[in-house]
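Biologist: Got a minute to walk through this one with me? I'd like to go from single residues up to the whole fold.

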Amino acid sequence: MEGWLYQCAGVHIVEGMKQRATNGYIGITDQEELILYDNKGEVFDRAPVKAIEAKFSLMANVLKTPGHKYTMEFHPLSQNIAGAAFGAVGAIAAAAFNKTENDTRSEKEKKNQFVETVKQIQAKG
């Protein structure tokens with residue numbers, strides 16, 4: 001089982017016109033690999049953190065992995081729908097990520113912590 005440097009549930013991820021996750025997960029392993037999960041907890045992309053580009057601003061959050069470009073929001077597409085339709089799967093994924101069910105971080109905190117983790121890894125020689 002891998003350890004996590006960063007993990008976040010409830011992420012809305014879009015690639016072009018395709019929604020990859022309306023309430024997905026992202027994580028950065030202790031092996032410095034980014035992993036993106038869909039709503040079912042299945043991996044749909046992974047890349048070394050040193051090979052990604054994260055450009056986050058007030059206007060858009062853009063994440064590029066080799067061959068892919070995503071826009072991201074650090075909250076579900078619809079928090080009301082997600083709560084009703086995603087409860088059981090969310091509990092399983094939270095347990096898999098060693099997270100408690102109550103992530104009290106704000107959207108801004110989740111985004112800033114992600115950006116900081118990426119910067120720290122990429123700053124290493």
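Biologist: Let's start with Thr 65: in which strand is it found?

Modeller: Keep in mind that this is a predicted model. Strand β6 covers residues 61–65. Thr 65 is found in β6.

Biologist: And is Thr 65 buried or exposed?

Modeller: Its relative accessible area is 5%. The cut-off for buried is under 20%. So Thr 65 counts as buried.

Biologist: Which side chain makes a polar contact with the side chain of Thr 65?

Modeller: Leaving out residues up to four places away in sequence, Thr 65 touches Leu 34, Asp 45, Ala 47, Ile 52 and Tyr 70. A polar contact needs a pair of N or O atoms within 3.5 Å. At 2.6 Å, the side chain that makes one with Thr 65 is that of Asp 45.

Biologist: Let's zoom out to the sheet. What is the order of its seven strands?

Modeller: It's an open sheet with antiparallel pairing. The edge strands, each paired on one side only, are β4 (43–48) and β5 (53–56). From one strand to the next, the twist averages 30 degrees. The order reads β4-β3-β2-β1-β7-β6-β5.

Biologist: Over how many bridges do β1 and β2 pair?

Modeller: β1 takes in residues 4–15 and β2 residues 18–29, and the two run antiparallel. One of the bridge partnerships joins Ile 13 to Ala 21 in β2. The pairing of β1 and β2 extends over nine bridges.

Biologist: What angle does the direction of helix α3 make with that of β1?

Modeller: Helix α3, residues 107–123, packs on the sheet. The strands it touches are β1, β2, β3, β5, β6 and β7. Its direction and that of β1 make an angle of about 115 degrees.

Biologist: Staying with that helix, which residues is Gln 113 in contact with, leaving aside neighbours within four places in sequence?

Modeller: Gln 113 is found in α3, and at 34% relative accessibility it counts as partly exposed. Gln 113 and Tyr 6 are 107 residues apart in sequence, yet their C-alpha atoms are 7.7 Å apart. With those neighbours set aside, the contacts of Gln 113 are Tyr 6 and Arg 105.

Biologist: Now Asn 39: where does it lie, and which side chain makes a polar contact with its side chain?

Modeller: Asn 39 lies in the loop between β3 and β4, and at 25% relative accessibility it counts as partly exposed. A polar atom of its side chain lies 3.0 Å from the backbone nitrogen of Asn 23. The polar contact from side chain to side chain, at 2.7 Å, is with Thr 22.

Biologist: What distance separates the C-alpha atoms of Asn 39 and Ala 21?

Modeller: Ala 21 came up earlier as the bridge partner of Ile 13. Along the chain, Asn 39 and Ala 21 are 18 residues apart. Their C-alpha atoms are separated by 5.4 Å.

Biologist: Stepping right back, how do the elements of the protein chain run from the N terminus on?

Modeller: The chain has three helices and seven strands. Starting at the N terminus, the elements run β-β-β-β-β-β-β-α-α-α.

Biologist: Last one: what share of the residues counts as buried?

Modeller: The accessible surface of the chain comes to about 7200 Å², with 53% of it belonging to carbon and sulfur atoms. Among contacts with a separation of 6 or more, 52% come from residues 24 or more positions apart. As for burial, the chain has 125 residues, and the buried share is 40%.

Key: Residues are numbered from 1 along each chain as its sequence is written. This is a predicted model: local features need pLDDT of at least 70, side-chain atom pairs count only at pLDDT 80 or more; totals for chains, interfaces and linings use all residues. Side-chain values use heavy atoms; hydrogens and water are left out. Two strands pair if DSSP finds at least two bridges between them. Axes are lines fitted to C-alpha atoms, for helices over the stretch in contact, and angles run from 0 to 180 degrees between N-to-C directions. Contact means heavy atoms within 4.5 Å. Buried means under 20% relative accessible area, exposed over 50%, partly exposed in between (1.4 Å probe, protein chains only). A polar contact is a pair of N or O atoms within 3.5 Å; within protein, one must be able to donate a hydrogen and the other to accept it, and residues adjacent in sequence count only if both atoms are side-chain atoms. Accessible areas come from the Shrake-Rupley method with a 1.4 Å probe; for residues, only the protein chains shown count as cover.
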